[in-house]
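Let's take a friendly walk through this structure, with the sequence and the model side by side.

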Amino acid sequence: MTKKFLKKFIVFATLIMTVFAISGCGTKTEPAAENKPVKIVFWYAVGGKVGEATKTLVDEFNASHPDIQVEAVFQGDYDSAINKLKQSIPSKGTPNVMQVYDIGTRFMIDSKAVVPVQKWIDQEKFDMSTYEPNILAYYTVDNKLYSMPFNTSTPILYYNKTMFKEAGLDPETPPKTFEDVTTAAQKLTSRDANGTVTRPGLSMAIYGWFFEQFLAEQNAPYTNNGNGRDSLTTAVSFNSPQGEKTLTWWSGMVKEGTASNMGRKTADTLKAFIAGQTAMTIDSTGNLGDIMDGVNGKFDVGTGFMPHPADAKDGGVIIGGASLWMLAGHSDPEEKASWEFIKFMTAAKQQAFWHIKTGYFPVTKAAYDDPDLKKYEEKYPQFKVAIEQLHNTPINRNTQGGLLGVFTQSRQEIESAIEQVLNGQSTPHDALQKAADTVNGAIERYNQTTK
Amino acid sequence: MKNLVRYFFLTIAAFFILAPFLYAATVSFETAAEAATFPPQFIPSSFYTDSYRKAIATAPIFHFILNSFIVALLVTVGQVVTCSLAAFAFAFLEFPYKKLLFALFLSTMMIPWESTIIPNYFTIRSLEWLDTYQGLAVPFFASAFGTFLLRQYFQTLPREIFEAARMDGCGHFRFFITMVLPLSRPALATLAVYAFLTTYNQYLWPLLITNTDNMRTVQIGLAMLQWDQGISWNTTMAGIVLVSLPTVLLLLLGQKQLVRGLTAGSTKG
């Protein structure tokens, strides 16, 4: 009996040893590659001038780091890129570093294919004190910073100062509350002799991101369980009085004709604002440069905080944009190189360049000391409002933003709900309830598959 | 006089068809501010070529055009060869379960390409064809639609030719090459144009299986000119004009051939 057992044990032990020997105990000692640079792959998902700026930064990094070679690969827009990542996880073809949009955060954590950057921050005792706390808060889950914020924006109110003057409004005080916006929009709307609206006061794209902001402005959560940050989201909570209030306000203006519904694309409302087809619009800070270039001095552009209901307290904006994620399953030297790259991309000098070129926030406050950035701020004083808005936002569960594995779908459902309400096909309550039911079903399925 | 009226109406019709392209071309020569004005400006105030410079700097468009061209050409040749051979079998040969097989063949048209994209990706990956021309082209070499199109056309060819040829001792392959193909020029041209354009405009597949700028194709190049929060229309339009030029050139050069093929078929057929 014991002999038999011993025999079995020996066979088993040798088997295990062989497996370990083959796999090299997990930590392969890399041959000392001193003159060969470490190659890492970086996937990014922005084009146009933002893509340009990304490539410039990568080139700078490669030039200044002879021991690391970063290969930057464009992977379509954020959605395409994350879909491509989904393919590459099972086939072990993941990049070292990847740019993922804000609402992909929960999915990335659940994919279990990532290395939280916190690991390297702790290991190196890297000083994060200059980084913007409001921005870090978004990407901090379970007290761990999962990804390094990279391109960050918030929406702001853009308004046409010249039209404000013509309408008898003070061009230096933008409307602050829902009620202010409503009255300002009424004064700014022009009609022809028959009463048909020729120019609405406000034009706001049907964009789920804006709705999320209006909830945060009222200090209301998007999902349950502390916006999915105390524990995993099991249901959405946007079908709340605050959600209804937002849609009632918005659809009220559309019904009056003082706000126009131009569909889901912010590119369209932006164009309308530049062309003087609307007096106010809401858009990302990232578009300030385009707006200023497009307006080109034809009128004065003013910026203001995102509006909120007069009785709302302790609210603020949620940051949007994307962050840099480290993917797991790569060798230690590669991971180290990825960390160096991430540090470089978010350092003061690079973020100052990034801010000037793209209009995204610098993620580190140290960037504001940069002389070029100071010059840029003088040229576009409008951006100050965006920074103030960010710094005025108290950090709490609601302004940290919701975490949801099926956020992309949820955004689409919200957008259909808004569309139906603005078209008068549904009431705010019914539309939000319907959206919540659909999304809750999706959450249930998602949570089952990730457990 | 009659011709004059005809040309007049044809010009108007052509204008309507070309309007989107003309507008794209106009916008590509406008500055960012001009492109954003309302009402839209149909004539650029100056010949502004900076958007082209910017488009080329942002995305290696010429390289992408070359890649798309190579892949589209490969697919076109591949589809014409496989589809015409399969269609020949379905149209002229007799074999058991022919009808059933053809129905089965056609039923594959019902399977959306998106649902096969993952298995295809894994096949290409295990063949180590990622980032290669064959990876981009080979999955599209066979087409149920193309086979259907050609079979229908082959069936309109008089059966007597087939019988006469057999009588004179002409083999299947010789008959296929010397009789069927020359007589089917219009159908083959239609398939070729269709296959070329579809492949030239592919987005998802090339994005999925390529990872280097060296192997990417034009639609990805156009995506490179945009980002989530904004589009500079003049640069994007410049990219679109550049990308569509080769297909327009191809049409102009091949027009005679295409028209001859079409008319030859119609008089004889």
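The text below moves from the contact of the two chains to strands, a sheet, a loop residue and chain B.

This is a predicted model, in which local features need pLDDT of at least 70 and side-chain atom pairs count only at pLDDT 80 or more, while totals for chains, interfaces and linings use all residues. Residues are numbered from 1 along each chain as its sequence is written, and chains are lettered from A and ligands numbered from 1 in the order in which they are written.

**Where the chains meet**

The contact draws on 31 residues of chain A and 24 residues of chain B; two residues are in contact if their C-beta atoms, placed from the backbone, lie within 7 Å. On the side of chain A that touches chain B, two or more residues each come from helix H2 (48-64), strand S2 (68-74), helix H3 (78-88), helix H12 (266-274) and helix H13 (288-295). Helices (H or I, at least four residues) and strands (E, at least two) are DSSP runs, numbered from the N terminus. H12(A) gives the most to this side, with 5 residues. By type, the residues on this side of chain A are 9 nonpolar, 16 polar and 6 charged. Here Ala, Val, Leu, Ile, Met, Phe, Trp, Tyr, Cys and Pro count as nonpolar, Asp, Glu, Lys and Arg as charged, and the others, Gly among them, as polar.

**Strands S1, S2 and S3 of chain A**

Strand S1 (residues 38-44) of chain A is mostly covered, with 6 of its 7 residues buried. A residue is buried if 20 or more other C-beta atoms lie within 10 Å of its own, exposed if 12 or fewer, and partly exposed in between, with C-beta atoms placed from the backbone. From S1(A) the chain crosses through H2(A) to S2(A) in a right-handed β-α-β crossover; right-handed says that, with the strands pointing away from the viewer, the path from the first strand over the helix to the second runs clockwise. In S2(A) the side chains alternate: Ile68(A), Val70(A), Ala72(A) and Phe74(A) point to one face and are buried, whereas Gln69(A), Glu71(A) and Val73(A) point to the other and are not.

Two strands pair if DSSP finds at least two bridges between them. Here are three pairings in chain A, each with one bridge partnership.

| Strands | Sense | Bridges | Residues opposite each other |
|---|---|---|---|
| S1(A) and S2(A) | parallel | 7 bridges | Lys39(A) and Gln69(A) |
| S1(A) and S3(A) (residues 97-101) | parallel | 2 bridges | Trp43(A) and Met98(A) |
| S8(A) (residues 155-160) and S13(A) (residues 280-284) | antiparallel | 5 bridges | Ile156(A) and Asp283(A) |

**A sheet and a loop residue**

Five strands of chain A form an open sheet of mixed pairing, in the order S12-S11-S13-S8-S14. Strand S12 (259-260) and strand S14 (301-304) stand at the edges, each with a single partner strand, so one side of each has no neighbour in the sheet.

Val317(A) sits in the loop between S14 and strand S15 (320-327) of chain A. Is Val317(A) buried or exposed? Val317(A) is buried, because 25 other C-beta atoms lie within 10 Å. Leaving out residues up to four places away in sequence, Val317(A) touches several residues, including Thr154(A), Gln213(A), Met306(A) and Leu390(A). Val317(A) and Thr154(A) are 163 residues apart along the chain, yet their C-alpha atoms are separated by 6.9 Å.

**Chain B**

Chain B has 14 helices and 2 strands, and its C-alpha atoms fill a box of roughly 70 × 65 × 25 Å along the principal axes. Of its 269 residues, 33% are buried.
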